[in-house]
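Me: I've got a two-chain model open and I'd like to talk through its interface and its pockets. Can you take a look with me?

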Number of protein chains: 2
Amino acid sequence: METLSENACFGGVQGVYRHASAACSCDMTFGLFLPAEAADGPVPVLWYLSGLTCTHENAMTKAAAQGWAAEQGIALVFPDTSPRGEDVADHDDYDLGQGAGFYVNATQDPWAPHFRMWDYVAEELPALLAAEFAIDGERQAITGHSMGGHGALTLAMTLPGRYRSVSAFAPICNPTGSDWGRKQLSAYLGNDEGAWARHDASALMRETGFEGPILIDTGTKDQFIDLLRPEALATAIAERRQQAVMRMQPGYDHSYFFVSSFIEDHVEFHAERLWA
Amino acid sequence: METLSENACFGGVQGVYRHASAACSCDMTFGLFLPAEAADGPVPVLWYLSGLTCTHENAMTKAAAQGWAAEQGIALVFPDTSPRGEDVADHDDYDLGQGAGFYVNATQDPWAPHFRMWDYVAEELPALLAAEFAIDGERQAITGHSMGGHGALTLAMTLPGRYRSVSAFAPICNPTGSDWGRKQLSAYLGNDEGAWARHDASALMRETGFEGPILIDTGTKDQFIDLLRPEALATAIAERRQQAVMRMQPGYDHSYFFVSSFIEDHVEFHAERLWA
């Protein structure tokens, strides 16, 4: 593992690291904020999964999460959104290929050799963090934005016991019923729609739900709201009687101005469970 | 004036606007955060002047200032750092020409026709804000980062009564004694060093000082600290018996991870004076 940068930040350290990923068969870069308390021993961690076109860097520089994480004494990890590199398949569209991994393990060519973001986020990167940093693997929570909200929700419902809480900003809620989903799931997983359902938060909510609390914020003026389909997840949550808070925030859009406006609430929401 | 974007942000609006600038003889773009209170009438304003290579956008997306400004009910304005455009002179070096206006009125060719950032920030943009937005011109304060800290300090000391308070993050403190200054002042103002002194915060501190409070943060690990010369300003402040707080922050560097770590303090510092 290589240290690309480390900056003092809110009494802790915002680092950026690169490592050879076995899951993705390429070098992967991630950001990690460690609060001051990490100098004395393992701290809880909140995962932040980013959206389409993002790298590890967007949320790290724009979400304004570190100050709240420092206040709560928790770490933040910012994975990249796909494998990267000249040898890695890509597509001219912004929403397919590099920057658009969709948090699945691709089974179809040309994506299958590298696009294994599910395994990367669920298995490889947690193991690396536990081995290399003062991270308490027993205290994990997860959030994300847009495609990353989709990833956070599907990971949380698929890995019971892993995350104590899950939240999302403007998540893609029902990819099997949206152009933000059908396109990518067919490319990465093939045309058998049966294989798609385990990557659809609304379907997973109907089937299994989540054992902990859920917090979801979406802006009423989100320019992509028809693609996000919050109504599908809201219906599934209500029908399941799932513990959850879904907030439609008046006037907010899909940008990081929206994310940063509510990140304090999300960090506090997770910290309450992480320190319980 | 043209609206380039408006995003809901912490209950207010983060806007970006473009207008034909008479001072700079080109189109200029700026960011403006208005808190919710601006819907009911004029609010105080804190100016944020950015550093070398920055546009109106860097602090707007990375400084995490809006949440604190919203809490205090004050506006934030983020001017660009120079004139822009194909017709505007430029230089291959990152620290001269576009993105490096240094908050002076250039008198030398090829810079003189457009590089009038002093007039732009001191006169034209305040008048535009007062005319177009709910900004209380009687309640202004100013801050900045690096070259923008230099601009904030020199404007504040040169325009008594204009700003109630001034602060800076890692400011260029003594440009007449630094390669971050001598190069630009000679290019923009010519070789008569007598004309430079009114753009040197340490010289102005020795001559005039500031009638209000001053807050300055600099990181002990700032990679540019030898160019900033905080010791020159610290000496001038001490010798003048100027009201001021100068903090050397252990471990911090020159980045926005440093700025965002202390922006809460700066916004609160200014708000106390703006609402007095």
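Reply: Sure. One term to settle up front: a polar contact is a pair of N or O atoms within 3.5 Å, where, within protein, one must be able to donate a hydrogen and the other to accept it. Keep in mind that this is a predicted model.

Me: How many residue pairs are in polar contact between chain B and chain A?

Reply: Salt bridges add nothing here, as their count between the two chains is zero. For polar contacts, both residues have to be at pLDDT 80 or more. With that filter, the count between chain B and chain A is eight residue pairs.

Me: Which three residues supply more of the area that chain B buries against chain A than any other three?

Reply: About 1600 Å² is buried between the chains, and carbon and sulfur atoms give 61% of that. On chain B's side, 36% of the buried area comes from just one trio: B:Ala8, B:Phe10 and B:Phe257.

Me: Which element gives the largest share of the lining of the largest pocket?

Reply: This pocket has a volume of about 820 Å³. H1, H2 and H9 of both chains each supply at least two residues of its lining. The largest share, six residues, comes from H9(B).

Me: And the second largest pocket: how many charged residues does its lining have?

Reply: That pocket holds about 490 Å³ of space. Its lining is 26 residues, with A:Lys62 and A:His145 among the closest to the centre. By class there are twelve nonpolar and twelve polar residues, and the charged ones number two.

Notes: Residues numbered from 1 in each chain as written. Chains lettered and ligands numbered in written order. Predicted model: local features only at pLDDT ≥ 70, side-chain atom pairs only at ≥ 80, totals over all residues. Heavy atoms only, no water. 1 Å grid on protein atoms, 1.4 Å probe; cavity = no way out; pocket = protein on both sides within 12 Å on 5 of 7 lines; lining within 4 Å. Points joined across faces, edges and corners; volume = space filled by probe spheres on them. Helix = DSSP H or I, 4+ residues; strand = E, 2+ residues; numbered from the N terminus. Nonpolar A, V, L, I, M, F, W, Y, C, P; charged D, E, K, R; others polar. Buried area = accessible area lost by both parts, 1.4 Å probe. Salt bridge = Lys/Arg side-chain N within 4 Å of Asp/Glu carboxyl O. Polar contact = N/O pair within 3.5 Å; in protein donor to acceptor, adjacent residues only side chain to side chain.
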